[in-house]
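Me: I have a structure here that is new to me. Please go through it with me, one question at a time.

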Amino acid sequence: MIVRKHMGRASPILLLLLAFGFFFATYNLLTMIIHNKASNLGSWVVDGVKRSGELNSKFHVALTATDAPYSQWQCRIMYYWYKKVKDMPGSDMGKFTRILHSGIPDKLMEEIPTFVVDPLPEGLDRGYVVLNRPWAFVQWLEKATIEEEYILMAEPDHIFVKPLPNLAHGIKPAGFPFFYIKPAEHEKVIRKFYPKESGPVTDIDPIGNSPVIIKKSLLEEIAPTWVNVSLRMKDDPETDKAFGWVLEM
């Protein structure tokens with residue numbers, strides 16, 4: 001029986017490609033694990049201080065939504081899980097409101113507690129529908145009767161897997177940090193809206209407006225500024241390009 005000497009021997013180029021592919025896959029896997037650990041193990045942040053949760057007064061769960069089918073289904077799923085955990089031990093969850101910024105009622109009015117507000121004037125959002133979010137909160141805060149002292153700003157794609165306590169502390173709101181929001185990397189742009197005399201860029205928390213638990217009186221105070229700054233940022237091409245889909249956050 002004759003056996004060829006070089007049979008089964010891979011070429012150096014193939015081995016190099018396999019090694020590179022393995023390295024690339026391992027690097028991405030480790031990066032993803034690190035980011036997930038930061039998200040899963042990280043605590044909510046209250047004014048830069050990590051808190052494990054304190055028993056305070058109830059907070060109202062509020063989210064903004066459109067009447068689009070995908071948004072309606074997200075809201076239905078979220079509301080289902082809200083009802084599941086709301087009255088469990090350790091919960092400070094109060095009432096629930098879907099703030100619908102389509103301007104007209106939809107078919108979920110009887111199924112989910114809903115407050116209808118007006119959208120921004122046509123064209124003002126420049127196709128970025130999320131800009132309606134701060135404007136929706138302004139209208140809701142002005143017109144609705146809100147019994148709770150605190151508000152959780154949530155979104156339709158959030159799901160409550162366990163009861164949530166009130167993590168805010170007095171006038172110190174609680175928010176969740178996102179690894180992809182990095183104010184320090186866009187200091188030149190941020191200084192257009194946050195001048196040096198206001199403080200260092202590092203004072204800006206890497207959070208979005210959601211999830212955030214905040215005292216209702218504070219939100220009433222800052223919501224109009226949130227609207228105006230968001231619109232100014234969208235209107236500035238450099239800022240719009242720098243922040244993209246997280247601009248309103």
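**Aromatic pairs and what surrounds them**

Me: How many aromatic pairs does a search of the whole structure find?
Reply: The model is a predicted one. Searching the whole structure for aromatic pairs gives a count of 10.

Me: What are the centre-to-centre distance and the angle between the planes for F137 and W226, and how is the pair classed?
Reply: The ring centres of F137 and W226 are 5.9 Å apart, and the planes make an angle of 35 degrees. Planes under 30 degrees apart would count as stacked and those over 60 as edge-to-face. The pair of F137 and W226 is therefore classed as tilted.

Me: How many residues apart in sequence are the parts that F137 and W226 tie together?
Reply: F137 belongs to helix 3 (residues 132-143), while W226 belongs to helix 5 (residues 216-235). The pair therefore ties together parts whose separation in sequence is 89 residues.

Me: Are F137 and W226 buried or exposed?
Reply: The cut-off for a buried residue is under 20% relative accessible area. F137 and W226 are both classed as buried.

Me: How is the aromatic pair of Y180 and W245 classed?
Reply: The centres of the Y180 and W245 rings lie 5.5 Å apart. Their planes are at 40 degrees to each other, and the pair is classed as tilted.

Me: How many residues apart in sequence are the parts that Y180 and W245 tie together?
Reply: Y180 is in the loop between strand 7 (174-177) and helix 4 (187-190). W245 is in the segment after helix 6 (237-243), so the parts tied together by the pair are separated in sequence by 65 residues.

Me: Is W245 buried or exposed?
Reply: Y180, its partner, has a relative accessible area of 35% and is partly exposed. The cut-off for exposed is over 50%. W245 has a relative accessibility of 60%, so W245 counts as exposed.

Me: Which residues form one aromatic cluster with Y180 and W245?
Reply: Y180 and W245 belong to one aromatic cluster. The other members of that cluster are F176, F178 and F179.

Me: Which residue lies over the face of W73?
Reply: The distance from the ring centre of W73 is 4.6 Å. The residue over that face is R76.

**Helix 3 against helix 5**

Me: At what angle do helix 3 and helix 5 pack, and how far apart are their axes?
Reply: Two packed helices are described by the angle between their axes and by the distance between those axes. The crossing of helix 3 and helix 5 is left-handed. The angle is about 145 degrees, and the axes are 9 Å apart.

Me: How do the residues of the contact of helix 3 with helix 5 divide into nonpolar, polar and charged?
Reply: On the helix 3 side the contact has R133, P134, W135, F137, V138 and L141. On the helix 5 side are K216, L219, E220, A223, P224, W226, V227 and S230. By class, the residues of this contact are 10 nonpolar, one polar and three charged.

Me: Which residues does V138 touch, not counting residues up to four places away in sequence?
Reply: V138 lies in helix 3 and, at 8% relative accessibility, counts as buried. The C-alpha atoms of V138 and A223 are separated by 5.8 Å, although these residues are 85 residues apart along the chain. The residues touched by V138 are A223, P224 and V227.

**Other places in the chain**

Me: Leaving aside its neighbours within four places in sequence, with which residues is N132 in contact?
Reply: N132 is in helix 3 and is buried, with a relative accessible area of 3%. Its contacts beyond those neighbours are H101, P119, L120 and D125.

Me: What is phi of R126?
Reply: R126 sits in the loop between strand 5 and helix 3. R126 is exposed, with a relative accessible area of 52%. Its phi is positive, in a residue other than glycine, and is near 55 degrees.

Me: Which residues does a cis peptide bond join?
Reply: Omega of this bond is about -5 degrees. One of the two residues, P211, is placed in strand 8 (residues 207-215). The bond joins S210 and P211.

Methods:
Residues numbered from 1 in each chain as written. Predicted model: local features only at pLDDT ≥ 70, side-chain atom pairs only at ≥ 80, totals over all residues. Heavy atoms only, no water. Phe/Tyr/Trp six-rings, centres within 6.5 Å; stacked < 30°, edge-to-face > 60°. Helix = DSSP H or I, 4+ residues; strand = E, 2+ residues; numbered from the N terminus. Buried < 20%, exposed > 50% of the residue type's maximum accessible area, 1.4 Å probe, protein only. Lys NZ or Arg CZ within 6 Å of the ring centre and 35° of its normal. Axes fitted to C-alpha atoms, helices over the stretch in contact; angles between N-to-C directions. Left-handed = near helix turned anticlockwise from the far one by under 90°. Contact = heavy atoms within 4.5 Å. Nonpolar A, V, L, I, M, F, W, Y, C, P; charged D, E, K, R; others polar.
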